[in-house]
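Subject: Structure handover and notes

Dear colleague,

I am passing on the structure we spoke about, together with some notes on what was found in it. Please look through the model first and then read on.

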Amino acid sequence: MTAHQPDANFLKEHNARSLWHPMAHPGDSLANPPTIVTGASGVRIKDVDGHEVVDAVGGLWNVNLGFSCQPVKDAIAAQLDVLPYYSIFRGTTNDQVIQLAEELRDFFAPDGLSRAFFTSGGSDSVETALRLARQYHKVRGEPARVKYLSLKKGYHGTHFGGASVNGNANFRTAYEPLLAGCHHIPAPYTYRNPFNETDPERLAQLCLAALEDEIAFQGAGTIAAFIMEPILGAGGVIPPHESFMPGVAEICRRHGILLIADEVITAFGRTGSWSGSRHWGVQPDMMCTAKAITNGYFPFGALMLSERLVEVFEKDDTGKAAIGHGYTYSGHPVGAAAALACLAETKRLNVPENAAARGTQIFEGLQDLAARYDLIGDVRGGHGLMSALELVSDRATKAAVDKKIINRLQEVAYQNGAMVRVSGPNIILSPPLVLTEADAAQILSALDAGFAAVN
Ligand code: PLP
């Protein structure tokens, strides 16, 4: 088989017999063959049958600048010619990664972050943050601080550390036992929460009280870090009340607990701000990034570190601060070149501004759909281009909707011009940030057709 013979049935059959998909049942791909994507341009993807749709998934929350971002493609091609790989383990570095670290330092200066540790993706950035948090406390003489706190519904990737702080059973149960000493507090999820609180501000206060309670229960001196997404993404797009993240930051600071912002989705404009932390006016101790850092064109990530950490590590003279961690692809020159081009384009196009405007358009459109279709239990969004619809079979009981209905809805939306993502009971929208008004309207009308078909 070569890439030049894309016969649809042949590909579907061979897909099922020769590969397993992440986040899918391995026995499912013949009965429910995945869409075979063979091309893309702008914000549209094209499948093996020649059908073209707006990609309302944005690759996987990462193709922020669309599929035709020529400066990034050129940067990758040029760098492959000059230096396709070299490691930055102790003793060597490369010109691209140095320039990128400087650019990131400027980009994240308002977030109080001044050093980068490079990784090969989001899960790696999370793993790095969790490890460095423990090391930070060991270096400064509090070795008992080893535990982690996080939010239920949070998603932090799939390494054992990230899975342990994940707050969704789907990503945990099959792989237990996970890391000891990871504890979860309720998420500020207004539609469903243990307090039955529907007011976002009051709910934020209750969740903050639960955090204080858990810290007192565990003992502050045993906790290394709290990790959270500024807006929960994969868990169903859950934006907290504006008081929540600043409240978490204040509590963490007071108890000597590091705050790790997992911004694998939210950094680089997705929320309508340059970072999710900035969106809420918070300066975290560490920030995990990946995905849009290279527009999805190259696997890459960076953990950004605050001065508070930097000082402790760089001033250590005991040897404890030597970093026994890193990846073969940390600081990959091709990834660094891609990221440099992405940062330049993100700034040149001022993508957060467009994300905010198109995000409002989509959020209002979804609210419109909710006024017409009872299947929609909750509409979430309003902070840039990340939004979700939670479907229910009964608004009064909030009972789950039949999976077949949501799958059918997705199929009809696809036939009508938009690829949307289904995750549990949620339809999630995370399109490229360069979306136009007409593209956003196409997503909404495709969804409308989907709801009309299953209503
Ligand atoms: N953290 C968050 C918030 C994410 O959304 C993701 C992926 O969606 C990850 C971590 C893991 O990133 P990756 O899939 O690149 O390992």
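To begin with the ligand, the residues that come nearest, out of the 14 around the ligand, are Gly121, Gly122, Ser123, Gly157 and Val264. Helix 5, which covers residues 122–139, gives the most to this shell, with three residues, and by class the shell around the ligand divides into six nonpolar, six polar and two charged residues. Please keep in mind throughout that this is a predicted model.

As to the overall layout, the domain assignment gives domain 1 as 35–65 + 350–454 and domain 2 as 71–348, and the C-alpha centres of domain 1 and domain 2 lie 27 Å apart. Where they meet, 28 residues of domain 1 are in contact with 26 residues of domain 2. On the side of domain 1 that touches domain 2, at least two residues each are supplied by helix 2 (58–61), helix 12 (351–372), strand 11 (376–380), strand 12 (387–394) and strand 16 (426–429), with helix 12 providing the largest share, five residues. The residues on that side of domain 1 comprise 12 nonpolar, 12 polar and four charged ones.

Helix 14 (residues 437–454) allows a simple check of geometry: at 1.5 Å a residue, its 18 residues should span 26 Å, and because its end C-alpha atoms are 26 Å apart, the two values agree. The buried residues of helix 14 are Asp439, Ala440, Gln442, Ile443, Ala446, Leu447, Gly450 and Phe451, and what covers them includes strand 3 (52–55), helix 12, helix 13 (403–415), strand 14 (418–419) and strand 16.

Two of the strands in that cover, strand 3 and strand 14, also belong to an open sheet of four strands, which has the order 1-2-3-14 and mixed pairing. Its edge strands are strand 1 (37–41) and strand 14, each of which pairs on one side only. Strand 3 and strand 14 run parallel and are joined by two bridges, and Val54 has Ala418 in strand 14 as its bridge partner.

Some strands elsewhere in the chain deserve a note of their own. How many of the residues of strand 8 (residues 258–262) are buried? Five of the five are, so strand 8 is largely enclosed by the rest of the structure. Leu258, Ile260 and Asp262 point one way from strand 8, whereas Leu259 and Ala261 point the other way, and all are buried. Strand 8 pairs with strand 7 (residues 223–228) in the parallel sense over four bridges, and Met228 has Ala261 of strand 8 as its bridge partner. Strand 4 (residues 113–119) is mostly covered, with five of its seven residues buried, and it runs antiparallel to strand 10, to which six bridges join it; within this pairing, the bridge partner of Ala116 is Met304 in strand 10.

You may also wish to look at a few backbone features. Most residues other than glycine have a negative phi, and most peptide bonds are trans. In this model, however, a cis peptide bond with omega of about 0° joins Glu176 and Pro177, and Pro177 has its place in the loop between helix 6 (160–165) and strand 6 (182–185). Lys291, although it is not a glycine, has a positive phi of about 40°; Lys291 is found in the loop between strand 9 (286–289) and strand 10 (301–306), and it counts as buried because it has 27 C-beta neighbours inside 10 Å. Asn350, which is not a glycine either, has a positive phi of about 45° and lies in the loop between helix 11 (333–348) and helix 12. With 12 C-beta neighbours inside 10 Å, Asn350 counts as exposed.

Finally, a word on His184, which is found in strand 6. His184 is partly exposed, with 19 other C-beta atoms within 10 Å, and, leaving aside residues up to four places away in sequence, it touches Ser150, Leu151, Lys152 and Gly167. The C-alpha atoms of His184 and Glu142 are separated by 22 Å, and these residues are 42 residues apart along the chain.

With best regards

Terms used:
Residues are numbered from 1 along each chain as its sequence is written. This is a predicted model: local features need pLDDT of at least 70, side-chain atom pairs count only at pLDDT 80 or more; totals for chains, interfaces and linings use all residues. Domain bounds come from an automatic or database domain assignment. Two residues are in contact if their C-beta atoms, placed from the backbone, lie within 7 Å. Ala, Val, Leu, Ile, Met, Phe, Trp, Tyr, Cys and Pro count as nonpolar, Asp, Glu, Lys and Arg as charged, and the others, Gly among them, as polar. The expected span of a helix is 1.5 Å times one less than its number of residues. A residue is buried if 20 or more other C-beta atoms lie within 10 Å of its own, exposed if 12 or fewer, and partly exposed in between; C-beta atoms are placed from the backbone. Two strands pair if DSSP finds at least two bridges between them. A residue is near a molecule or strand if its C-beta atom, placed from the backbone, lies within 6 Å of it.
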